[in-house]
Amino acid sequence: MPRKKSKSAKSSAGSKGKGKGHPDDIVPMVLTSATQELFGCRADEDVTGESPYKLLKKDDIIRDFKTRAKVSDFSPVKQIVLDYPEDELLLVFDRDLIYGQSFYLVLTPDAKERILNAVQSPEPETPEVINPEPKPEPKPSLGSEQEMDEESVKETREKLCFKFRVRRKFGAPVCFSDSVTQVTEYIPSDQDRRLSIKLMQRDCGTQAVSRLQSSSAQTQWTLSRNMSTQYTPRELSSEEKDNILQSDSMKDFCKSVTPRMLYALQQEGIMNVFFDDWKALGTAAKDVDWSGKDFKGLKLHKAFSDQHDTKDKKTSSVNWHPTIYGVIAVALTEKRQEQESTTFGSEDSLILFYSFSDPSNAQLLLECPDDIFAFEFCPSDPNIIVGGCKNGQVVLWDISAHVTHLQGTQPVKKVSVNTDTYDLYYKKENKTPAVPYCAVSAIDSSHKAPITDVHWLPPTFEVTKTGLPVENKDNISAQIVTCSPDCALMFWDVRVPHRKQNVDQRTPDGVPDTFKHLDHIWKPLFRVSLPKIDTSGVYAPLKFSLANTARTTEAADDGSSKVVPDFRQLRVPSAKTVTALEDVNTKLFIGTELGEMIYTDWKLVKDDAGRLHSAKPLHCFSIHHWLVNTVQLSPFFKDIVLTTGSWNFAIWKEGVMDGPIIESPRFEKWCTAGCWSLSRPAIFFIGKEDGSIEVWNLLENTNEPAQVHTLVTNAKITCIKPWTASPKQHFLAVTDELGMLRVLEIPKALCVPSWNESLRVKKFFESAEERLKDLVRCRELWENEPKKAEEPKKKAVS
């Protein structure tokens, strides 16, 4: 049977056919998905082919006009909607597109009533249109049709519609705001502009970038205060001064204080009023501070800094004066090392002498041809100083003329200053004396890299041009050993050569003529290179230490060493007149820039052709990760050496060539300096890059320090050097990268050795040596185990 159209469709369509027109009381419409969702008329969800009708409230459509204006889908029938007499309009879903669109809006109340009445009383053929599928015929009922109809529930009244609101929204605050929306069409001025237009849809792009904000703030001081600063002295006039001096009050005052002043002067003449009774109490009083509390750690004693000479410089080396109390010398170098100097003329290269009596000013300056990386006082004559320059040259100074000045250094005396001409940068008239260098080595024969370490040979022996130790008849230290990263060690002699060159050299005014025979012509006695053991190449030394010398103790009681030598009268002895020594140890401990420790002999050997050359090192160990900055022999055990570098330190024993007998764990901060205690065999000090100092006691613990002093300085520690001023007074000099020098006082707990400490430390080193041998033996067994396990297999195969 063909499908028939419903009456509603016929009544709405009138006499016009499908897709050719529509009646006057309806208008086809196109509703977007946003409009359908807004009004609850989504196609095939809210309205379907079986239920195509939707009543729209007139107020909702007018609100849509106000919100979206011309964008609204109901804008073509705006006037019709406004003139519609009832509150609800009928919207019909045209699923079959009878009038060309998906929806059509009924424009008159009569048409709405007609369509709705056709739905409530449909003709028998309407179900066929709505549901084209034929319904199955009901089976004949076994009961009474009337009884079933009476028992069925039928709706007899119109349904009620209820709206519910959530209780928590009752009384909720309402926030009204104005919104401005850009429209695409011009809105005439006669429209009501009080209506708020809400934009429902917008096509826009977004770029995901961070927001930039530029802002500034200025803090203003709101509280005003009246303040004044006096920068010139207020002086009375001459008349006012005379009136005060002639006044009766001044005369009465002088009469009242004169007896007390005379009594004080009398006391000062009888006894020393500045004598420190507290220090005179004895050693027991040295262990406590002024509050009576015991102190067992390092204590700041003096801080030295010359603001003029130490600006933008760091300290590279420090040494105490061997004989003058409280005098210490420091070498300063530029912080920027980009420009390698190879010529003279660096006016700012200095060695400063400080004194306990005046920590704020240098007492003596040593002029240098270039930055000094290492220097040392002569053991036989403390007035002679040798230094190693950054350009590889060796320099000599003689400060004999300034010893009296250093011994009698006093604080700057207060002098009367004219306040009218006084300024903030006032300086004393007597400037710091400067000492020029006496001699410098020939640059062609010097090192090709900065000299990083320098030492005097002991006065008990000297060496020949082949490195052979011979007897030193003068018993004066006259030979020097230097090292540099140019892979060489050089031996120098400061005495007049056996064949003196007849050159008339006149020294300039103010320059001592002690070493005028060496100036600019000084050449090394011989040179020691450091070839690598297993591979080609050479080692680059940074620090070294002379090994135990058997004859060093013999010269301790010799009175001739106390006589101040005159180096101008000393001559290099002839090779025919010297006596070779067999009991002198010619070994060296050397630390390299790659963290290696080398044990070698400085004596030159002959090859098959009879030419002299340096022998290869006896042993080499890679213990430190990077630069070795300390190689120091123990003052109590002549075969024990302390080394520091990178993240650890190590203790070595001469004769034990399996490695260090003690090796520290890796630290978080670099070890930049180290030194032994001069009074206790078990104590040594380690400086760190964060400005802290660690005190280690071998008799307590070898895994962690006994004391840690943090923030001794604010920069990396470059050097530390102990000094014994008296049996009851011990100091530790500490320098840093900022050019500051601090002297710390070592407490009694770290100065006075414990009972039988030297013997206990010696036994400790022996036990550490045994542990190292056991470890080496175990390693050999572990390495041989795989070989032993393979031997039975090889025999079985054969």
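In the next few minutes I will go through a strand, a single residue and a cavity in this structure, which is a predicted model.

Let me begin with strand S37, residues 741-746, where six of the six residues are buried, so the strand is largely enclosed by the rest of the structure. Both of its faces are covered, with Leu741, Val743 and Glu745 buried on one side, and Arg742, Leu744 and Ile746 buried on the other. Strand S5, residues 299-304, runs antiparallel to S37 and is joined to it by five bridges, while strand S36, residues 729-736, also pairs with S37 in the antiparallel sense, over six bridges. Arg742 is a useful place to look, since its bridge partner in S5 is Ala303, and Val734 also stands opposite Arg742. S36 and S37 form a hairpin with four residues between them, and in that turn Gly739 has a positive phi of about 85°.

Now to the single residue, Gln479, which sits in strand S18, residues 479-484. Is Gln479 buried or exposed? Its relative accessible area is 3%, and because buried means under 20%, Gln479 counts as buried. A polar atom of the Gln479 side chain lies 2.9 Å from the backbone nitrogen of Val463, and the residues that Gln479 touches, leaving aside those up to four places away in sequence, include His455, Trp456, Trp492 and Leu525.

Finally, the cavities: a search of the whole structure finds three of 30 Å³ or more, and the largest has a volume of about 70 Å³. Strands S23, S26 and S29 each give two or more residues to the lining of that largest cavity. The lining residues divide into nine nonpolar, one polar and one charged, and among them are Phe589, His619, Trp652 and Lys653.

Notes: Residues are numbered from 1 along each chain as its sequence is written. This is a predicted model: local features need pLDDT of at least 70, side-chain atom pairs count only at pLDDT 80 or more; totals for chains, interfaces and linings use all residues. Side-chain values use heavy atoms; hydrogens and water are left out. On a 1 Å grid over the protein atoms alone, a cavity is a set of points where a 1.4 Å probe fits but cannot get out, and a pocket is an open set with protein on both sides within 12 Å along at least five of seven lines; lining residues have an atom within 4 Å of a point. Grid points are joined across faces, edges and corners, and a volume is the space filled by probe spheres set on the points. Ala, Val, Leu, Ile, Met, Phe, Trp, Tyr, Cys and Pro count as nonpolar, Asp, Glu, Lys and Arg as charged, and the others, Gly among them, as polar. Buried means under 20% relative accessible area, exposed over 50%, partly exposed in between (1.4 Å probe, protein chains only). A polar contact is a pair of N or O atoms within 3.5 Å; within protein, one must be able to donate a hydrogen and the other to accept it, and residues adjacent in sequence count only if both atoms are side-chain atoms. Contact means heavy atoms within 4.5 Å. Two strands pair if DSSP finds at least two bridges between them.
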